[in-house]
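This report looks at charged side-chain pairs and at nonpolar surface in one protein model. The sequence and structure are shown first.

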Amino acid sequence: MDIVLLELVLWAGLICFLWVMKDSLGKIESELERTAAQKAAGRDFRGRETPHADRLSDPIGRLGDATIYRFAIIDGQTYEFDHVAAGKDASLATHQRWLPPGLVYSRHDDTSSASR
């Protein structure tokens, strides 16, 4: 009788241990997935850091839930909305910047707008 009771206690302990491990591993997996998603959100489609707009002005439209602004100041430079990127494979010129969710801005200088 004592051996059966000991075996039942050991089986119950093993089941509790496996249940706790399952929950712990689920939390670790969720944390890893969240970290990977945050890292991916911080990179553009070419693997470089996604520029962050310091300031946006003059809303001109919407793309899904995002507002499209005519001007964006990125790293102290003024950029003007150019187009929506057709896909993540789109290549950008050196004077262009990509902002989520796929908006491409080109460097804006006052001399080029005077010649338009």
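The text below covers the salt bridges, then a surface patch.

The model is predicted. A search of the whole structure finds two salt bridges. Side chains of opposite charge can pair when their charged atoms come close. The table lists each pair with the separation of its closest N and O atoms.

| Acidic residue | Basic residue | Closest N and O atoms |
|---|---|---|
| Asp23 | Lys22 | 3.2 Å |
| Asp58 | Arg70 | 3.0 Å |

The salt bridge between Asp58 and Arg70 links distant parts of the chain, with the two residues 12 residues apart. Asp58 belongs to strand 1, which covers residues 55–63, and Arg70 belongs to strand 2, which covers residues 66–74.

How exposed are the partners? Asp58 has 36% relative accessibility and therefore counts as partly exposed. Arg70, at 32% relative accessibility, also counts as partly exposed. In the other pair, Asp23 forms its salt bridge with Lys22. Asp23 has a relative accessibility of 31%, so Asp23 is classed as partly exposed. Lys22 reaches 52% relative accessibility and so counts as exposed, the cut-off for that class being over 50%.

Apart from these charged pairs, there is a nonpolar patch on the surface, with an area of about 820 Å². Trp11, Leu14, Phe17, Leu18, Met21, Leu25, Ile28 and Leu32 make up this patch. One of these residues, Leu25, lies in helix 1, which covers residues 2–41.

Conventions: Residues numbered from 1 in each chain as written. Predicted model: local features only at pLDDT ≥ 70, side-chain atom pairs only at ≥ 80, totals over all residues. Heavy atoms only, no water. Salt bridge = Lys/Arg side-chain N within 4 Å of Asp/Glu carboxyl O. Buried < 20%, exposed > 50% of the residue type's maximum accessible area, 1.4 Å probe, protein only. Helix = DSSP H or I, 4+ residues; strand = E, 2+ residues; numbered from the N terminus. Patch = residues over 30% accessible without salt bridge, like charges linked within 9 Å, V, L, I, M, F, W, Y side chains within 5 Å. Areas by Shrake-Rupley, 256 points an atom, 1.4 Å probe, with all protein chains shown as cover.
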